[in-house]
Amino acid sequence: MSISVTQIAAKHVQKHIAKRGKGVGIRLGVKTTGCSGLAYVIEYADKIEKDDLVFDDRGIKLIINPKSYVYLKGTQLDFTKEGLNEGFKFKNPNVKDVCGCGESFNV
Amino acid sequence: MDILKKNYFDLFGIEISIEIKKSTLEKKYKELQRQFHPDKYSQSTTHEKKISAQISSYINDAYITLSDLIKRINYILKINNFNKDESVTLKNEDFLIEQIDHNEFIENINSKTAKEIKNYKDDIVKKLSSTIIEIKSYYEKKDFQKVWEELSKLQFYVNHINKLEGT
Amino acid sequence: MPLIEISDPEENILKKKRFVVGIDLGTTNSLIASRDKTTKFYGDLHSSIIDISEDPKSPLIIKSIKRLMGLTSEEVKNNIDNLSYEIDLSNNKLPMIKNKSGKNFSAIEISSLILKNLKTIAENEEEKTIDGAVVTVPAYFNDVQRQATKKSAELAGLKVLRLLNEPTSAAIAYGLDTGETGNFIVYDFGGGTFDVSILNLDKGVFKVLSTDGDTTLGGDDIDILLKNHLNIDKDKSQKLKQKLCETNSDTDLITINTFNSLIKNIIDRTIDITKNAIARSRLSENDIKQIILVGGSTRIPLIKESLKKNFNCNILDNIDPDRVVAEGAAIQASILSGNNKDDLLLLDVLPLSLGVETYGGLSEKIITRNTPIPATASKTFTTFKDGQTQLLIHIIQGERELVDKCKSLGTFTLKNIPSMVAGAARIKVQFQIDVDGLLLVSAEEDSTGVNAHIEINPSYGIDEDELIKMIEESNKSAEIDMNARKLYESRVEAERVIYAITEALKKDANELLSKTELSSITICLDNLKNKIKSDNSEEISSAVQELEKSSEFYVERRMNRSIKSLIAGKGIDDII
């Protein structure tokens, strides 16, 4: 299963990278946090490491460490507006439950 | 560095004058140190640390000089390019005799009553205040030679009071 | 699920918190702590007693090494008695303690073993390397003792962020630095020593007005009194003392009244010393606002009673007196490392006057005690013989008129003075005191435009070569991977510089730099960002230096600009 981005997310990623002035793509990952264990991370990527998995979608390189891929396979990265906030959102088919604080999830 | 070339009054944003406001000096001192003290640069580049130490020392020196009346007046003479000749001492015979009298009082202080000492001290304080007034008026006339002469008297009175308190 | 922003990994490195600690390096006990919102102590009190025998069967126990810090052999001979171990005083500079296998230890090395132990305990608990430490020293420590303390910390592999005076540290722990104004007594009664300091506090400016004490008076003396009075063993007497302190009432073995009368002489002596310190501070007892209690022995109820009876002021004792100094040091470490953004500023003063020897063995003061630090002062020396090319300068510290009564910091030889007629050379010697109260000396000849570089040879205590040798030797035995350590340090340094420059550029690059200037800095910045990933510490360090060099002019512009914004606005108040 691959990793993908929505049209609107791709547009925003391109805009962010252009503004920063450098970067080969974005790195998606998970880190341990919150009360149910894992949280998403998106970082600019300046280079691709040896073991990295790279997915090309809509002109964006999505880079993932194999360890994180276990939790993220099949995920689609979206961009939405919720009230006054806007930002990226992970549509992850693996998620079983989301913790009350909303910060972390479990697979 | 431009800062290190500023005179102490400019550094503290105070007009050059014989008398200055203590609270302004204190406030500016802390403001300046909050900006330049090396502790504020402990995470900075080496060069920045070095410069902050130089500036912070300069601010401390300025603070000490401006806080003290005699040091301050000496500094005013210095920035007005009045370089007194070290070999010339005050040639004022009246004042010389006055000095001898004052020193005699201290030598014989054990024979004086508490009241005599108090009156004497009050008298010196009065002389000190009037000397300051003299200095101010000479300074307004830009007569630095006279400022310097009165400053020597002032210095004597200040030392004399310290000596009295030490006995 | 919350919405997510793309984060920049480069900025993440920069925001990383530093692991910094405060260390109370005591005569009897030491403590190590860190501060994040609250203070975290690593273990409890750690004994400052250490075995240097390298042979568990016949231990060589060293106690109270702090008393020997920075002393020459002669000073040890004249001031220290009843040591429980042999000390070799044949090397005049550095007294040495030899163990059975023939290895020599100086006080600096023994101290560094204590520090290394503390470092290991904290690092194991956090599973992180310590990035920096604030180490406390007694307020009366002179330059040599401070240098020795700093060197022992370096020898233990600690980067010293700051040496902090113990009473000042206690005052920081009580939060007295924020806005309090007044005079305070710091009454520090430890296991083996009694120290008292009178502090003046004026909205963030600390001044040590006077210090006094007795380095042979401590809680241990009280244990001995109890032991002898009741004919019990040392352990039991310690426990009994603890119980008496907690309950302040009679026990099976002794009534509280008997205990109090037993220790009255000792307590009275501390009160006398305190009064003496107040007198020397030129304050009257009514000028004192509060008393801060430091040291485990201050738990003795009679002490509080006596202090209340003798001084009409408020007693501060709600922070554990054993921990208050380490806590203040941890707070200061966290501020200096940038972890804590409090707007606290500690303006410390020089504890003892600094001078040079003049004709007739008299001291001429160059920087007087209680001068705010950092400070600089300069003095011009000249030659007294035709063609003289060297000049010896003797630097001393202390308040007395006679050089013999002051601490000799060492002699400095000025070499390469251009040959001239007597009195023609003008050698300007500059004395700089840094924020730790440590002295640096530099010199230049500036008559007739000959700007000769003059070499200075410090000759006191321990020199850099000896120190490097010691570090190498100690590493051989400890099997520390020096290269790994160096690499780690150079990365930390690189991160700090990247952060400093990046933050500065964000704020005012547009305003202060032309496009060309900006790009010359960013080239070096990007280069360092690349090099930081390398495993070569020298490559990283040289990239750091390049970046520093490329940004010097920019740093100066920034400083000059901030002074302009400060010089404005005048008030109308009292006149001096």
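This passage describes the domains, sheets, helix packing and chain contacts of a predicted model.

The domain assignment divides chain C into four parts: domain 1 covers residues 14–167, domain 2 residues 177–318, domain 3 residues 354–462 and domain 4 residues 481–565. For chain B, the assignment gives two parts, domain 1 (3–67) and domain 2 (93–166). The centres of these two domains of chain B, taken over C-alpha atoms, are 32 Å apart. In chain C, the centres of domain 1 and domain 2 are separated by 25 Å. Contact between domain 1 and domain 2 of chain C involves twelve residues of domain 1 and twelve residues of domain 2. On the side of domain 1 of chain C that touches domain 2 of chain C, six residues are polar, four are nonpolar and two are charged.

Chains B and C also meet. In this contact, 40 residues of chain C face 36 residues of chain B. On the side of chain C that touches chain B, the elements giving two or more residues are strand β18 (375–381) and helices α12 (482–512) and α14 (537–566). Helix α14(C) provides the largest share of that side, with ten residues. By class, the side of chain C that touches chain B holds 21 nonpolar, ten polar and nine charged residues.

Among the strands of chain C, β2 (residues 29–36) and β3 (residues 38–41) form an antiparallel pair with four bridges. One of the residues of this pairing is Ala33(C), whose bridge partner in β3(C) is Phe41(C). The two strands make a hairpin with one residue between them, and Lys37(C) in this hairpin adopts a positive phi near 35 degrees.

An open sheet of five strands is also found in chain C, with the order β13-β12-β11-β14-β15 and mixed pairing. Strands β13 (205–214) and β15 (314–316) of chain C form the edges, each pairing on one side only. From one strand to the next, the twist of this sheet averages 20 degrees. Strand β14 (residues 288–294) of chain C pairs with β15(C) in the parallel sense, through three bridges. Within this pair, Ile292(C) is opposite Leu316(C) of β15(C). Helix α9 (residues 301–310) of chain C packs on the sheet and touches β11 (181–189), β14 and β15 of chain C. The direction of α9(C) makes about 150 degrees with that of β15(C).

Helix α9(C) also meets another helix, α8 (residues 256–280) of chain C. The axes of α8(C) and α9(C) come within 10 Å and cross at roughly 50 degrees. The two helices, α8(C) and α9(C), are therefore oblique to each other, and their crossing is right-handed. Helix α8(C) contributes Asn260(C), Ile263(C), Ile267(C) and Ile271(C) to the contact, while α9(C) contributes Leu302(C), Ile303(C), Ser306(C) and Asn310(C). The contact of α8(C) with α9(C) has five nonpolar and three polar residues, with no charged residues.

A second helix pair in chain C is formed by α6 (residues 219–230) and α7 (residues 234–247), whose axes come within 9 Å and cross at roughly 110 degrees. Because angles of 65 to 115 degrees count as roughly perpendicular, α6(C) and α7(C) are described as roughly perpendicular to each other. The crossing of α6(C) and α7(C) is right-handed. From α6(C), the residues Ile222(C), Asp223(C), Leu226(C) and Lys227(C) meet Lys234(C), Ser237(C), Gln238(C), Leu240(C) and Lys241(C) of α7(C). This contact of α6(C) with α7(C) includes four charged residues, along with three nonpolar and two polar residues.

Chain A contains an open sheet of three strands in the order β1-β6-β7, again with mixed pairing. Strands β1 (4–5) and β7 (85–91) of chain A are at the edges and have a single partner strand each, so one side of each is left without a neighbour in the sheet. Strand β6 (residues 76–82) of chain A runs antiparallel to β7(A), and seven bridges join the two. One of the residues of β6(A) in this pairing, Glu82(A), has Asn85(A) of β7(A) as its bridge partner. Helix α1 (residues 7–20) of chain A lies across β1, β6 and β7 of chain A, at about 85 degrees to β6(A).

How values were computed
Residues numbered from 1 in each chain as written. Chains lettered and ligands numbered in written order. Predicted model: local features only at pLDDT ≥ 70, side-chain atom pairs only at ≥ 80, totals over all residues. Contact = placed C-beta atoms within 7 Å. Nonpolar A, V, L, I, M, F, W, Y, C, P; charged D, E, K, R; others polar. Pairing = 2+ DSSP bridges. Domains from an automatic or database assignment. Axes fitted to C-alpha atoms, helices over the stretch in contact; angles between N-to-C directions. Parallel < 35°, antiparallel > 145°, perpendicular 65-115°, else oblique. Left-handed = near helix turned anticlockwise from the far one by under 90°.
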